[in-house]
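Here is a quick tour of a protein model, meant to be read with the structure open beside you. Have the viewer ready and follow along.

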Amino acid sequence: MLTLEPRTGNTHLLQTLTPVLAVAITMLAGAALFASLGKDPVEAIRIIFLDPLLDPYSRSELLVKAAPLALIAIGLSFGFRAGIWNIGAEGQFIIGALTGGATALAFYDISGVWLLPLMAIAGALGGFAWAMIPAILKTRWGANEILVSLMLVYVAELLLSALVSGPLRDPDGFNFPESRQFHDSATLPILLAGTRAHIGILITLGISVAAYVALHRHVFGYHIKLMGSAPRAASFAGVSTTTMTAACLGLSGALAGLAGLFEAAGPVGQLVPSLPAGYGFTAIIVAFLGRLDPLGIVLASLVVALTYIGGETAQFTLQIPAAAISVFQGMLLFFLLAVDVLARFRVKYMRRAQ
Amino acid sequence: MTPSKPVPAYLGEVEKRTKRDPSRTKRGKTQWPQTIVTLTAILALVVFALWGGLNPVLLAASIMVAAMPLLLAALGEMVVEKSGVLNLGVEGMMIIGAIAGFAIAVETGSPLLGLVAAAVAGAALSLIFGVLTQVLLANQVATGLALTLFGLGLSALIGQPYSGIKPPAFPRLNIPFLSDLPVIGPILLNHDLLMYITFALLALTWWFLYRARHGLILRSVGENHDAAHALGYNVIVIRLMAIAFGGACAGLGGAALSLIRVPQWTEGMTAGAGWIALAIVVFGAWRPGRVALGAFLFGGVTVLQLNLQAAGLTPLWLLVLGLLLFAVNSTAKSLAESTPAHTRAMIPLWIATLIMGMIATTYPISIQTQYLSMTPYLCTIVVLVVMSADRLRANLNAPASLGRTFHRTG
């Protein structure tokens, strides 16, 4: 019979190879899915994975999509490593957009270079505060952070919808449930003329480098790894579970909030009920695909962003339904988790003892 | 090991442990305050609904219907968790069941075939989770999330041609005379078939877990998989069966939404019901009866938050309700456990409730509907906090191996 034996020693190479393998298998399974929908599979895979890379505008859009994914996923990866599961990044994203956006609307008549940093701080604080709800309920009363953070996603969605059709509604907007368009000094500067690539992309890159250092070169990262692999040893070494839970949830909340603000003040430019696009959930896939490592996550975010951009193109050229892309992303995570067994275990044939 | 052998010593230990559980033996002492608070919540909402001019009989009947999907999903997940597996993919399995049941019912014209399809689809999806976590030893939390993301996407893909269609109606139970009885008739004896299947499943689950030998084995696997393995039970196969049962139940729950409760197909129609079912399992402390109570409580909250707006429920009244529950909780606890803190808090809480009630009657402030729609989600959070606050009891009730990976060596 086949048995699994834990691998010992260095598995770095395998760890990097398995995500690539998972993407390859997903492409094959995706091709089968598209074929079953009656589309040309080779054509579909080419449109989704290759075409966006050839067109300059699509390349810039790739960055626009990848930035929020990477930002959220980096925050999540810290908690996932430590065994703290923040599933409500989508909610923290919305609240960040709300608090940052409300700041922009509060200073609607005033312009200045200080406004964008202020909005960014407000957005990050909003996301942080929203993530502190599950953190406090977990550390104080032991409530499960998975369920609490997830429930808060629905609350945040309803709050956004209530606020943009209430206090934050555009006064000249014919009662449409949306806010005013942010004015110029509340909109993120564009990096490349003619595209939507905004300065948030650079900030995301900077944060991922900082996160890499924090994870691999700082005691904070060491404590996180320790808590994830040996919780008891961590508590004996004086790592406080309470502090780490709050830090992990708070950090991921702040980054998700920042991502939400970038989305509102960047490509969208106002607060609308349709602002949350599921980035908070897709970022979970990105975090795992990037091996919970900041640099891996940056690469993974580009791959997943590719499926978004290519998926949009495939929608109108091949009439592939939008939902097919989320199936595709879900499959990616499945295959990744399945292939992962190869990196962690050696598959061995063993004769059963008689 | 053949089933005819006597119960091994270790399993007897499990049985004893369950019996020694304080929330079981000292039922009269520690458990009733919580039940009282739950019942007060239900009663207060019902009183309010009556006061607002809602028809109590229709209301009770619709709460039953709203609770059904939650009960099915939570019951299945409870069995899964009893076997020591945490499947966070309930939402994904529910929505796959919803669309599979809907599509098959529409295509064949038979709602019963729809139910079968929903159960099969839920079980099939859950087995992906089962193989990944049990055979390939993947992380249960991550895999459960993947299941939800995948299920939501796949259901949207399958469901595209089905939006805006009406499904075929279920045959209703119609016993001559009995179903026409004034109150009991509409509430209990005039439902769709699935309602009675749900209750049968509830009874069967209870019997299986606490009265059948195989249920005992399943619980022992959930308490200590290494010991169960050492006794010769196949942990992986038992868990896979539990996971498939949970998936089938979640699928049926989804079909209950799309075929009976709504009845229509819309993308993402479960809207967190699967996650609420997970919370109900915690609320119900992994016991069938209390899981059912939780499902009815949440069913009640979802129905009432729609109806109470019409009945003039203002946010101030929600505060009154919150204070009332705290007051009842303190009174019950001070009577049951004579905790001084509760006795001291009791009188100010009742006074605060009364004052708040007077304020609420004088100032009818209305709010946007979105805030009232938040109530099921906020209630879930409150319930989780209350249930987890008593850590000792929470730890005693939860299966000891819950969420731990079983790696067979040899």
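What follows goes from chain A as a whole to one of its helices, then to a few single residues.

Keep in mind that this is a predicted model. Chain A has 14 helices and 2 strands. Its C-alpha trace spans about 80 × 55 × 30 Å along the principal axes. For a chain of 354 residues, a compact globule would have a radius of gyration near 20 Å, so the 21 Å of chain A agrees with that. On the inside, 55% of the 354 residues of chain A count as buried. Among contacts in chain A with a separation of 6 or more, 78% come from residues 24 or more positions apart. On the outside, chain A exposes about 14,900 Å², and carbon and sulfur atoms supply 66% of that area. As for charge, chain A carries 20 positive and 18 negative charges, and their mean positions sit 19 Å apart.

Now to helix 1 of chain A, which runs over residues 12-36. Its 25 residues reach 37 Å from first C-alpha to last, close to the 36 Å expected at 1.5 Å a residue. Which parts of the model cover the buried residues of this helix? The cover includes helix 2 (41-49), helix 12 (279-289), helix 13 (294-317) and helix 14 (322-344) of chain A, and also helix 7 (140-159) of chain B. The buried residues themselves include A:Pro19, A:Gly30, A:Leu33 and A:Phe34. After helix 1 comes A:Gly38, with a positive phi near 85 degrees.

Another glycine, A:Gly91, lies in helix 5 (residues 89-106) of chain A. Leaving aside residues up to four places away in sequence, A:Gly91 touches A:Trp130, A:Leu152, A:Val153 and A:Ala156. Its C-alpha is 10.0 Å from that of A:Leu159, a residue 68 positions away along the chain.

Over in chain B, the loop between helix 13 (273-283) and helix 14 (288-310) holds B:Ala285. B:Trp286 is found in the loop between helix 13 and helix 14 of chain B too. B:Ala285 has a positive phi near 50 degrees without being a glycine, and B:Trp286, also not a glycine, has a positive phi of about 60 degrees.

Buried or exposed? The table gives the relative accessible area for A:Gly91, B:Ala285 and B:Trp286.

| Residue | Relative accessible area | Status |
|---|---|---|
| A:Gly91 | 0% | buried |
| B:Ala285 | 3% | buried |
| B:Trp286 | 7% | buried |

Methods
Residues are numbered from 1 along each chain as its sequence is written. Chains are lettered from A and ligands numbered from 1 in the order in which they are written. This is a predicted model: local features need pLDDT of at least 70, side-chain atom pairs count only at pLDDT 80 or more; totals for chains, interfaces and linings use all residues. Side-chain values use heavy atoms; hydrogens and water are left out. Helices (H or I, at least four residues) and strands (E, at least two) are DSSP runs, numbered from the N terminus. The radius of gyration is taken over C-alpha atoms; the globule rule is 2.2 Å times the number of residues to the power 0.38. Buried means under 20% relative accessible area, exposed over 50%, partly exposed in between (1.4 Å probe, protein chains only). Contact means heavy atoms within 4.5 Å. Accessible areas come from the Shrake-Rupley method with a 1.4 Å probe; for residues, only the protein chains shown count as cover. Lys and Arg count as positive and Asp and Glu as negative; His and the chain ends are not counted. The place of a charge is taken as NZ of Lys, CZ of Arg, CG of Asp or CD of Glu. The expected span of a helix is 1.5 Å times one less than its number of residues.
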